[in-house]
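This briefing introduces a structure to a reader who has not seen it before. It covers helix packing and the nonpolar core.

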Amino acid sequence: MDTLQTLILGFIGIVVVNNLVFTKFLGICPYLGVSGRIDMAFGMGCAVTFVVTLAGTLTWIIDHLFLMPYGLEVMRYLCFILVIAGAVQLVEMYVRKFFPALYESFGVFLPLITTNCAILGLCLFLNLWGIDSLLEAVVLSVGAGIGFTMAICVMAGIRENLELADVPECLQGAPITLITAGLLTLAFMGFAGMIG
Amino acid sequence: MSKEVSLGKTFTAGLWDNNPVLRLLLGMCPTLAVTAAVKPALTMGISVIFVLLFSNIVVSSIRHLLKPHVRILMFTLTIATAVTIADLYLKAFMPEMSASLGPFIPLIIVNCIIIGRAEACASKNGLMVSITDALGMGVGFTLTLCVLAAIREVLATGMIFEKAIPAFTDFYVPWAAMGMPVGAFITLGLMLGAVNMISKKTT
C-alpha cells in the first residue's frame, strides 16, 4: 500500500500544500488575466488541467524513454515546448469545434496556455523531483491542474465581489489583484509543512 | 513602428513608457519568483537580456522567410535554443546560482516578454531597431527586478547583496514574510500602484 499512500499524499500535496500558483508563482499571467469571472476562470482551469495532464505525461515518457537513455538532455527544453505547443493546439481545435461561445470569450488567452509557466514548470519539476514512476507523474500532473483551477476560481470569486468595492484609483485593476493574491497566498501558507 | 523611429526612443521606451513588468504586465512569474534577493534577480535579468537579444537578432534576420502560421513555433524554438545556451552556461560557471534559481532559468522560454517582443518588434523591424529594443526591454526588466528584489531583501533580512548595512542591520528585526511569496505579491502590487500614481501626475 506504500505506492497508494505516496500517490495520495503527492496529490494532496500538489493541490493544496505546494500549489503551483501560490508557492511557486507559476501560471501568474492567466491567473491575473482570466480571473475576472468565475465561469471563464473555471473554463480556463479545465483547459489548463487537460493540457497539463497531457503534457506532463507525454514529456515524462519522452524524457525517460528517449532523452535520458541516449544522453540527449540538451534537447529537453526544445522537446518539452514542442509537446506543450502541440497539446494546446489540440485543445484549441476541440474547444473551437464544440464550445464556440467559450472559444470567443477566451480570446487570446487560449493559445497563451502554451506560454503558461505552470505547464512547462510542472514538466520541469517532474524532472527535478526525480519522479520515476509513470503513475506518479500522471497523478502529480492532474493534481497540478486541479490546484490551478482551484486557485483561479477562488481568485475569480473574490474579484467578482471586488468590483463593488471602493478601491483607491491608483490601485484599480492589476495592483489590487496582486495584493489580493498576496493575502490569498498568506492564507494558503497555513498549509505549509503539512505534508513533507 | 515606422522606419524613422529613433533608436534612442526605442531604447528608453523599454525603460519606462513600455516597461515590460510595470506597464505591460508581462513576465510576472519570474518577477515574483526570483526577487527574494538582489543577486538571483540580477542573474535572472542578465539571462533574460541575453535571450531577448539572441531571439530578436535571429527573428529579425529571418523575418522575410517566416510564414504566418509557423511563426510562433519558430519563435518558441529560437527562444528555447537561447535558453538552453544560457542554462548550460550558468550550470558550468555559476553552479550555486543555477541550483538556487532551479527551474526558473528554463522557464524563461515561456516568459511572455520575449515572445511578445519577437512578435511585436523583431518580426517587423530591421536588425538595429530589434537589437536596441531588446536592450531597452531587457534593461527595463532587469532594473524593475532589482528594485523589487532590493526592497524585499532589505525588509526580509536587513541586508543587501547578502552584506550587512552598517548601523541598520544590527537593530533591524527581520520581516520574514517579505522573503516569502506574500511579500512578492504585495510589494509588486504596491509598486504598480505607485507607478500608476506617478504616471497620472505627469500627464
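Two residues are in contact if their C-beta atoms, placed from the backbone, lie within 7 Å. By that rule, and leaving aside neighbours within four places in sequence, A:Ala118 is in contact with A:Leu20, A:Leu26, A:Gly27, A:Val48, A:Val52, A:Ala144 and A:Phe148. The model is predicted: local features need pLDDT of at least 70 and side-chain atom pairs count only at pLDDT 80 or more, while totals for chains, interfaces and linings use all residues. Residues are numbered from 1 along each chain as its sequence is written, and chains are lettered from A and ligands numbered from 1 in the order in which they are written.

**Nonpolar core**

- The largest nonpolar core (buried Ala, Val, Leu, Ile, Met, Phe, Trp, Tyr and Cys residues joined through C-beta atoms within 7 Å; buried means 20 or more other C-beta atoms within 10 Å of a residue's own) has 103 residues.
- A:Val51, A:Ala118, A:Ile119, A:Leu120 and B:Ile109 have the most contacts inside this core.

**Helices within chain A**

- Helix α4 (residues 38-67) and helix α8 (residues 134-162) of chain A (helices are DSSP runs of H or I, at least four residues, numbered from the N terminus) have axes, lines fitted to C-alpha atoms over the stretch in contact, that come within 8 Å and cross at roughly 165 degrees.
- α4(A) and α8(A) are therefore roughly antiparallel, a term for angles over 145 degrees.

**Helices between chains**

- The axes of helix α5 (residues 76-98) of chain A and helix α4 (residues 71-93) of chain B come within 9 Å and cross at roughly 155 degrees.
- α5(A) and α4(B) are therefore also roughly antiparallel to each other.
- Among the residues that meet here are A:Tyr77 and A:Leu78 in α5(A), and B:Leu73 and B:Thr76 in α4(B).

Key
Axes fitted to C-alpha atoms, helices over the stretch in contact; angles between N-to-C directions. Helix = DSSP H or I, 4+ residues; strand = E, 2+ residues; numbered from the N terminus. Parallel < 35°, antiparallel > 145°, perpendicular 65-115°, else oblique. Buried ≥ 20, exposed ≤ 12 C-beta atoms within 10 Å, placed from the backbone.
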